[in-house]
Amino acid sequence: MSYTVNLIDFPDAPPDVIATAETRFRRELDKLLGDNVEPALKAFENASESSADELTKDEIALAASWAKAYEAAKTAGFRALGEADEAYFEVRVE
């Protein structure tokens, strides 16, 4: 499984600061989801586009695990950076 993490819309941050934030984010996501990053992200995307009755209990649980892990990873990624209103971490499966 291969995926990339990019910090988007964090103005005026030097490249090394951005790289460190992305590394912290990815490390936390890997710690919380392990090999389930890709399936959890896909489940979350499916849940966002579907109604609850179209999803299995496992898909709902996996989507919820993504949401929880993403928030924890975001907190880790933004640690020592402060907040930027529009900034977020983009995760793309390759």
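## Charged pairs, ring pairs and a nonpolar core

Arg92 and Glu90 are joined by a salt bridge in which the closest N and O atoms lie 3.4 Å apart. The model in which this pair is found is a predicted one, and Glu90, with 21% relative accessibility, counts as partly exposed, because the buried class is reserved for values under 20%. Side chains of opposite charge can pair when their charged atoms come close, and a search of the whole structure finds five such salt bridges.

Two of these bridges can be followed within helices. In helix 1, which covers residues 15–33, Asp30 and Arg26 are four residues apart, or about one turn of the helix, and their side chains meet in a salt bridge with an N to O distance of 3.7 Å. Both partners are partly exposed, since Asp30 has a relative accessible area of 31% and Arg26 one of 29%. Arg26 also has a second partner, for its charged end sits over the ring of Tyr3, 3.8 Å from the centre of that ring.

In helix 2, which covers residues 37–49, Lys42 and Glu38 are likewise four residues apart and thus separated by about one helical turn, and the N to O distance of their salt bridge is 3.0 Å. Lys42 is partly exposed, with a relative accessible area of 44%, and Glu38 also counts as partly exposed, at 23% relative accessibility.

From the charged side chains we turn to the aromatic ones. A pair of aromatic rings is described by the distance of the centres and the angle of the planes, and the whole structure contains five aromatic pairs. One of them is formed by Phe10 and Phe78, whose rings are 6.2 Å apart from centre to centre and have 35 degrees between their planes, a tilted arrangement. This pair links distant parts of the chain, given that Phe10 belongs to the loop between strand 1 (3–8) and helix 1, whereas Phe78 belongs to helix 3 (residues 57–78), 68 residues apart. Both Phe10 and Phe78 are buried.

Another pair, Trp66 and Tyr70, is also tilted, because the ring centres are 6.1 Å apart and the planes stand at 40 degrees, which falls between the limits of 30 degrees for stacked and 60 for edge-to-face rings. Here the two partners both lie in helix 3, four residues apart, about one turn of the helix. Trp66 counts as buried at 4% relative accessibility, and Tyr70 is buried as well, with a relative accessible area of 16%. Ring pairs join these four residues with Phe25 and Phe89, so that Phe10, Phe25, Trp66, Tyr70, Phe78 and Phe89 are linked into a cluster.

Some members of this cluster reappear in the nonpolar core. In soluble globular proteins, nonpolar side chains tend to be buried together. The largest nonpolar core of this model has 22 residues, of which Leu7, Phe25, Leu29, Trp66, Phe89 and Val91 touch the most other members. Strand 1, helix 1, helix 2, helix 3 and strand 2 (88–93) each supply at least two residues of this core.

What does Phe89 touch, when residues up to four places away in sequence are not counted? Its contacts are Val5, Asn6, Leu7, Ala21, Glu22, Phe25, Tyr70, Lys74, Gly77 and Phe78. Among these, Phe25, Tyr70 and Phe78 belong to the cluster of ring pairs described above, while Leu7 and Phe25 are included in the group that touches the most other core members.

Definitions and conventions. Residues are numbered from 1 along each chain as its sequence is written. This is a predicted model: local features need pLDDT of at least 70, side-chain atom pairs count only at pLDDT 80 or more; totals for chains, interfaces and linings use all residues. Side-chain values use heavy atoms; hydrogens and water are left out. A salt bridge is a side-chain nitrogen of Lys or Arg within 4 Å of a carboxyl oxygen of Asp or Glu. Buried means under 20% relative accessible area, exposed over 50%, partly exposed in between (1.4 Å probe, protein chains only). Rings of Phe, Tyr and Trp (its six-membered ring) pair if their centres lie within 6.5 Å; planes under 30 degrees apart count as stacked, over 60 as edge-to-face and the rest as tilted. A charge sits over a ring if NZ of Lys or CZ of Arg is within 6 Å of the ring centre and within 35 degrees of the ring normal. A nonpolar core is a set of buried Ala, Val, Leu, Ile, Met, Phe, Trp, Tyr and Cys residues joined through side-chain atoms within 4.5 Å. Contact means heavy atoms within 4.5 Å.
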